[in-house]
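Q: Please take a close look at a single part of this model and explain, step by step, how it is arranged.

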2 protein chains.
Amino acid sequence: MAKNFVTRQENYSEWYNELVVRADLAENSAVRGCMVIKPYGYAIWEKMQAALDKMFKETGHQNAYFPLFIPKSYFEKEAEHVEGFAKECAIVTHHRLKPKSDGSPGLEPDPSAKLEEELIVRPTSETIIWDTYRGWIQSYRDLPILCNQWANVVRWEMRTRMFLRTAEFLWQEGHTAHATKEEAIEETEKMLNVYAYFAEKHMAMPVLKGTKSPNERFAGALDTYCIEAMMQDGKALQAGTSHFLGQNFAKAFDVKFLSKENKLEYVWATSWGVSTRLMGALIMCHSDDHGLVLPPMLAPIQVVIIPIYKTPEQKEKVNQEAQNIIKELKEMNISVKYDDREEYKPGWKFNEYEFKGVPVRITIGARDLEQGLIEIARRDTLEKESISNVGASQKIKTLLDDVQENLYNKALSYREDNTRKVDSWEEFMVEIEKGGFLLCHWDGTPETEEKIKELSKATIRCIPLETEKEEGKCILTGKPSSRRVVFARAY
Amino acid sequence: MAKNFVTRQENYSEWYNELVVRADLAENSAVRGCMVIKPYGYAIWEKMQAALDKMFKETGHQNAYFPLFIPKSYFEKEAEHVEGFAKECAIVTHHRLKPKSDGSPGLEPDPSAKLEEELIVRPTSETIIWDTYRGWIQSYRDLPILCNQWANVVRWEMRTRMFLRTAEFLWQEGHTAHATKEEAIEETEKMLNVYAYFAEKHMAMPVLKGTKSPNERFAGALDTYCIEAMMQDGKALQAGTSHFLGQNFAKAFDVKFLSKENKLEYVWATSWGVSTRLMGALIMCHSDDHGLVLPPMLAPIQVVIIPIYKTPEQKEKVNQEAQNIIKELKEMNISVKYDDREEYKPGWKFNEYEFKGVPVRITIGARDLEQGLIEIARRDTLEKESISNVGASQKIKTLLDDVQENLYNKALSYREDNTRKVDSWEEFMVEIEKGGFLLCHWDGTPETEEKIKELSKATIRCIPLETEKEEGKCILTGKPSSRRVVFARAY
């Protein structure tokens, strides 16, 4: 176990915070609620971006870029949206600093450079984008518009945690415009599936697909689809959302098109996004008391090689073997790091890469090598094995696939073990303390959901898409219900 | 010539503005000075990013991400830096909106949510990054730090032009930390060479490498290296800068390290950046009165194929031929678009792709095809040629290389034709009106440079790195000078 590293059992929350910093992923900055994403953390984010961007393009989307600032009045145009987003935000009021007027050292905003209308640093870009789309759309021929943007956004959160909830965060936001309701709903579902595929395949993180209850919907959406994951403390984490926005933004920003039937109609909209929050999910889903655990598909370093030798002759032989393996791994597109620094001891390196979650470690020891052996260790199970140096790279490729699959299966088992049906309120209040997903009947009203939240701190994480109809009674009110929904405490 | 499109001769500035909009690259947004980068423009920027990012990584750099907001006090720490950057900037003063207190509809900043210290939206990130580096650096073992950041920045420019000068723009900023002065200077020069290589090889845009005179230096730098390009109106455009920052920021933010000799020393710094301004340079360097001209290495669509047919049988044959060519081009990693839309006529398509600067157009006409012929047209010279459909893809690959090279050579000839030595003040005032680069002697004082700028609107673009020593007299003061510098009017 890493030195002085708190365990998940002792304090899950502290374990997470320490892990983020000690694994060199990120740190808090001097600016309240804003983090610095360090190179190792950013390299993981870049791998996420690359994979998602490829999928967006394969599904016909193009990237574009819209302004960071949104005029205050734009938020006032969509009634629900302003409620949800324009409250806690960063407001730009001036555009110039000047020396302090009282003659003391330092600068102050210049009163003569006060903006006529305040600008809001975007918390999300529906308003500015739909204001722009008005100019892009005249007829059905201009539709669909399938744009995505990679950007930073700011929401003035009171309590922040690195990656999970920060004032500034990085994300992508897709904003599409369609001629029909059906097409927009199809797009909303398509992107939910892209997110679910990414979470399960690349992040090795099983997710439930579902829709949100009205209370938890995106401000301005008619329907919010989401993917929900379970963390190792049994809490839920919303990993991505895809919104069917109906014609709300088209109406607020007057975006109409001439249909094939020559009629002027409002355009249908969707928006969908995932953020650096996924980094938090990735970290919390797989890591252990020895540090970070990364799925091979997102690991910046997939394999690390550590040499052990004493004499110059041994060094020469070990180096040569390392170069052979590196060459073969690179040909298979496996990213490999050879750490032959002499100022650090092998034991120090073992701890370092274990803590940083490198999926596979190869140790090439001079004495083992004389017998044609090298040692491979997998990060997920911490198992070690001596194998022949002949054909090692093929074995390592298989091992990486195996680690990826094992992480997924482990997380899936955990979720299954911590998902249970609950049918009474007494049972609910007991079970919710244990964590996990509770499948319960709910009477479908916002009031009941609110009451349950008040009493238990649990919310409806989603109404699962893949679920069976089942008659039952609401756990709180006893009113009739036709299917179970997922309750949990959440990040 | 494109319909109603102003020529460069008539009005170069209007030609540029119109080109940007009509080629679907960008448009002004509702937010003063901020642009929307449209998908076609953004696709070019993505190609620039990918190429640069690869070169940064090949030279040992890693990406990271630092906060958008910088506390006001940080700017006060480096005296020259604050002069240069903290004047015209976006200032965040509040973090919450509330309903207007006079009861009228709408929102206003909540006085109870006024920030204790104002936050500046980053105009550049030296201050926040060096404040962070203090925590990362203890000993020489922690050096060098070679970080880059892709980000948006804001400078409150009074007069803006899309890509060339906007309030918000996208860029990359490299920030490195070194143990010695020599190493920092070597890094500064290395990155200048990366920029020059990118400009010449990828953008097909010849550049002069040089250093800035003290007047034109980055605020806080000891030396600023730059690449300068010439646009088609003879004006200069600074395309990238690389700064040797000495120990200024280390001193301002107290960043010291324990050297190998066990002495506590201040860290040496560099920073370097290029921005979406490169898009403006690319557009202005090559385009013509028919629209955009793109070098193949940065064109989102390198080849467009347009079919011409009348009967269904002809359509079938043309389609088949197109698919053959597409397959072969894709195997060569050439990006190709097949525009077989029936709602647009071939003539309309010709104009469209010509205006959008697609380097090579293939027309597959049913009647030509009967004779085994297809037509290829190159955008740079507008030349057309009928070639055999057999082996066409290899010919197209060669043609793309040829277009890339020709664009570079054309721009280089233009620059050479418009660069001249000038030895007297009278001549200078005549020649500067004609545009171009004037190679002149200068007495080396900021006062003289300032005076020349006042009288002629020309500035010293750079003191070229590759230049011969030559004794002479300053064009304005007649004082002795030992080498010529480059004067021009600039964007």
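A: Two strands are said to pair if DSSP finds at least two bridges between them. Helices (H or I, at least four residues) and strands (E, at least two) are themselves DSSP runs, numbered from the N terminus. This is a predicted model, in which local features need pLDDT of at least 70, side-chain atom pairs count only at pLDDT 80 or more, and totals for chains, interfaces and linings use all residues. Residues are numbered from 1 along each chain as its sequence is written, while chains are lettered from A and ligands numbered from 1 in the order in which they are written.

The part chosen here is strand β23 of chain A, residues 459-464. β23(A) pairs with strand β26 of chain A (residues 484-488) in the antiparallel sense, over three bridges. Within this pairing, Thr459(A) has Ala488(A) of β26(A) as its bridge partner. β23(A) also pairs in the antiparallel sense with strand β10 of chain A (residues 208-211), here over two bridges. In that case, Pro464(A) of β23(A) is the bridge partner of Gly210(A). As a general point, side chains in a regular strand alternate between the two faces of the sheet.

The domain division gives the wider setting. Chain A is divided into domain 1 (12-68 + 123-286), domain 2 (297-414) and domain 3 (419-488), with bounds that come from an automatic or database domain assignment. The C-alpha centres of domain 2 and domain 3 of chain A are 47 Å apart.
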